[in-house]
Amino acid sequence: MEVANPRYRNQGVHVVSAIFTVDKGITKVLLIKRKYDPYSGMWALVSGALYNDEELLDCMKREVKEKTGIENIHLELFDVFSKVDRSPAMRMVGIAYLGIINKNKYELLKETLRTIDAEWRDIRNIPELAFDHNEILVSSLEVLRKRIKETDLLRNLYPEGFTMPEIQKVYESILGKTYDRRNFRKKLLSTGMIEETNRVEKFSGNKPAKIYIFKDNIEDRNVF
């Protein structure tokens, strides 16, 4: 590497996060509205530039905390976006992360030093986003659908446990499919990914529902 070569100059790294939730059976993604140029006033995924003294994941978690107030969440790297013109400011390589959380566990900041709004937006109603974030969002949804079928990623949505109707609604919302209740329960139990707890949750007018949790240290497998 020739450090003096001008073709190495004026490059940077963006980190971008697609953070999802499922709210009353609707899959939503976290968007922020930018305060400054480029793309002032436009919605975007939570993102920012990497400092030269921090690791990628540390940078992503810092940006999420600074721009939304959300912290201590699980994020997984899922892709790299490297079109030369993806940022009008300078050459920026985008490192994309994926996460899914229970939005009711966190208080969302509506305005910060660099944002003027933030909200959970239904994935069926996404505006034009800044940079290449529409492309990143589409890609992240494909990865999300794949990972919830093969891994215990949904553990991060229900870390304290879930009922079978709750988890079925999540799978149906994200995958865009409808499952027979009995077949769904049988299939999910047969994977060995989840186990019963000694707890139940009682709903108004319904029988108490058993609480399940994802097992620790399970191998990835195909659920559906």
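How many aromatic pairs does the structure hold? The answer is 7, and we will visit some of them on this tour. Keep in mind throughout that this is a predicted model.

**Stop 1: the whole chain**

Start with everything in cartoon view. You should find 4 helices and 8 strands, arranged along the sequence as β-β-β-α-β-β-β-α-α-α-β-β. Along the principal axes, the C-alpha atoms fill a box of roughly 65 × 40 × 30 Å. If you colour by accessibility, 45% of the 224 residues count as buried. A contact map is worth a look too: among contacts with a separation of 6 or more, 64% are between residues 24 or more positions apart.

**Stop 2: an aromatic cluster**

Now select Y158, F162, Y212 and F214 and show their side chains; together they form one aromatic cluster. Take Y158 and F162 to begin with. Their ring centres are 6.0 Å apart and the planes meet at 45°, so this pair is tilted. Both Y158 and F162 are buried.

Next, keep F162 on screen and turn to F214. Here the ring centres are 5.3 Å apart with the planes at 50°, a value between the 30 and 60 degree limits, so this pair is tilted as well. Trace the backbone from each partner and you will see that the pair links distant parts of the chain: F162 sits in the loop between α2 (133–150) and α3 (164–175), while F214 belongs to strand β8 (residues 209–214), 52 residues apart.

Are these two partners buried or exposed? F162 has a relative accessible area of 0%, so it is buried. F214, at 4% relative accessibility, is under the 20% cut-off and therefore counts as buried too.

**Stop 3: where α3 meets α4**

From the loop that holds F162, move on to α3 and bring in helix α4 (residues 181–190). The two axes come within 11 Å and cross at roughly 95°, so α3 and α4 are roughly perpendicular to each other.

To see what fills the contact, select M164, I167, Q168 and Y171 on the α3 side, then R181, F184, R185, L188 and L189 on the α4 side. Colour this selection by residue class: the contact divides into 6 nonpolar, 1 polar and 2 charged residues.

**Stop 4: an arginine over a ring**

Finish by selecting W43 and R121. Which face does R121 lie over? R121 is placed over the face of W43, at 5.4 Å from the ring centre. Rotate until you look straight down on the W43 ring to see this arrangement with R121.

Terms used. Residues are numbered from 1 along each chain as its sequence is written. This is a predicted model: local features need pLDDT of at least 70, side-chain atom pairs count only at pLDDT 80 or more; totals for chains, interfaces and linings use all residues. Side-chain values use heavy atoms; hydrogens and water are left out. Rings of Phe, Tyr and Trp (its six-membered ring) pair if their centres lie within 6.5 Å; planes under 30 degrees apart count as stacked, over 60 as edge-to-face and the rest as tilted. Buried means under 20% relative accessible area, exposed over 50%, partly exposed in between (1.4 Å probe, protein chains only). Helices (H or I, at least four residues) and strands (E, at least two) are DSSP runs, numbered from the N terminus. A charge sits over a ring if NZ of Lys or CZ of Arg is within 6 Å of the ring centre and within 35 degrees of the ring normal. Axes are lines fitted to C-alpha atoms, for helices over the stretch in contact, and angles run from 0 to 180 degrees between N-to-C directions. Angles under 35 degrees count as roughly parallel, over 145 as roughly antiparallel, 65 to 115 as roughly perpendicular and the rest as oblique. Contact means heavy atoms within 4.5 Å. Ala, Val, Leu, Ile, Met, Phe, Trp, Tyr, Cys and Pro count as nonpolar, Asp, Glu, Lys and Arg as charged, and the others, Gly among them, as polar.
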